[in-house]
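Please read this briefing with the sequence and the structure open side by side, and look up each residue as it is mentioned. The points are grouped by topic, beginning with how far the coordinates can be trusted.

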Amino acid sequence: MGPRLRTAREQRSATLTDVSRATGISLSTLSRIETGRRKATLEVLLQLAKAYDISLDELAGTAPVAPTGRRASPRPRPGDGKAVLPLTRYVGGLHAHKHVLPAVDAPPTRPRQVSHDGYEWLCVLYGRLWLALGEQDLVLSAGDVAEFDTRTAHGVANAGPGEPVEYLIMFGPQGERLRARTPAPGRGTS
């Protein structure tokens, strides 16, 4: 991860100080991530992807490389136009996917809802996502995160005309949740 981050920064002729000022991430944190002495959190990766104007897939190096040497892009599913790119390749446990909903020309109808065992976390990367969660309707924008038990009926749709929606999903077995690690109150990120 560190070498990819350093390369992305250097390709933009940015110093660690420049990136720190632009993102609010401490200089020492950026340096330790680039040298491999610290792992980047998803929050930090999202900030860096935005600062470097590249996709999270490219920044994290998780997009599979196509035989031609180009990065594979999400493939549309038949029927709904949604493209899905698996980011994990193993059976069982926590899974991650990138989803892309195509742009729509007209206001969408309420998403069809499903429920199943499991726990889901999603993060919007681009656009506006309509999350129908039980009786609740939420519109999430870039940077917004939702976490829910998938036994609650849920569905998603592009929230409005004009642009596609890109979002990440992490899904785990029932009872398995993501664990947020944050610094203790009064301590800065380092």
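This model is predicted, and the mean pLDDT of the protein is 79, with 76% of its residues reaching 70 or more. Two stretches call for caution, since the pLDDT is below 50 over residues 64-72 and also below 50 over residues 74-79.

**Confidence**

- Beyond near neighbours in sequence, the stretch of residues 64-72 has 13 contacts in the model, while the stretch of residues 74-79 has 12 such contacts.
- Where pLDDT is low, the predicted coordinates should not be read in detail.

**The open sheet of three strands**

- One open sheet consists of 3 strands in the order β6-β5-β8, and their pairing is antiparallel.
- Strands β6 (136-141) and β8 (154-158) stand at the edges of this sheet, and because each has a single partner strand, one side of each is left without a neighbour in the sheet.
- On average, and with direction ignored, neighbouring strands of this sheet are turned by 25 degrees against each other.
- Strand β5, which covers residues 128-133, pairs with β8 in the antiparallel sense over 5 bridges, and one place to look for this pairing is Leu133, whose bridge partner in β8 is His154.

**Pairings of strand β9**

- Strand β9 (residues 165-172) runs antiparallel to strand β3 (residues 95-101), and 7 bridges join the two; within this pairing, Ala96 has Met170 of β9 as its bridge partner.
- Strand β4 (residues 119-126) is also joined to β9 by 7 bridges, again in an antiparallel arrangement, and here the bridge partner of Glu120 is Phe171 in β9.
- In a regular strand the side chains alternate between the two faces of the sheet.

**Salt bridges**

- A search of the whole structure finds 5 salt bridges, including one between Arg9 and Glu34, in which the closest N and O atoms are 2.7 Å apart.
- This pair links distant parts of the chain, for Arg9 belongs to helix α1 and Glu34 to helix α3 (residues 27-34), with their positions 25 residues apart.
- Both partners count as buried because a relative accessible area under 20% is the cut-off: the value is 10% for Arg9 and 6% for Glu34.
- Lys98 and Glu166 form another salt bridge, with the closest N and O atoms 3.1 Å apart, and it links strand β3 to strand β9 across 68 residues.
- In that pair, Lys98 counts as buried at 7% relative accessibility, whereas Glu166 counts as partly exposed at 24%.
- Asp137 forms a salt bridge with Arg110, where the closest N and O atoms are 2.9 Å apart; Asp137 lies in strand β6 and Arg110 in the loop between β3 and β4, so the pair ties together parts that are 27 residues apart in sequence.
- Asp137 is partly exposed, with a relative accessible area of 42%, and Arg110 is likewise partly exposed, at 36%.
- Salt bridges that share partners join Arg6, Arg9 and Glu34 into one network.

**A residue with positive phi**

- Most residues other than glycine have a negative phi, and most peptide bonds are trans.
- Ser13, however, has a phi near 50 degrees, which is a positive value in a residue other than glycine.
- The place of Ser13 is in the loop between α1 (2-11) and α2 (16-23), and with a relative accessibility of 67% Ser13 counts as exposed.

Definitions and conventions: Residues are numbered from 1 along each chain as its sequence is written. This is a predicted model: local features need pLDDT of at least 70, side-chain atom pairs count only at pLDDT 80 or more; totals for chains, interfaces and linings use all residues. Side-chain values use heavy atoms; hydrogens and water are left out. Two strands pair if DSSP finds at least two bridges between them. Helices (H or I, at least four residues) and strands (E, at least two) are DSSP runs, numbered from the N terminus. Axes are lines fitted to C-alpha atoms, for helices over the stretch in contact, and angles run from 0 to 180 degrees between N-to-C directions. pLDDT is the predictor's confidence in each residue, from 0 to 100. Contact means heavy atoms within 4.5 Å. Buried means under 20% relative accessible area, exposed over 50%, partly exposed in between (1.4 Å probe, protein chains only). A salt bridge is a side-chain nitrogen of Lys or Arg within 4 Å of a carboxyl oxygen of Asp or Glu.
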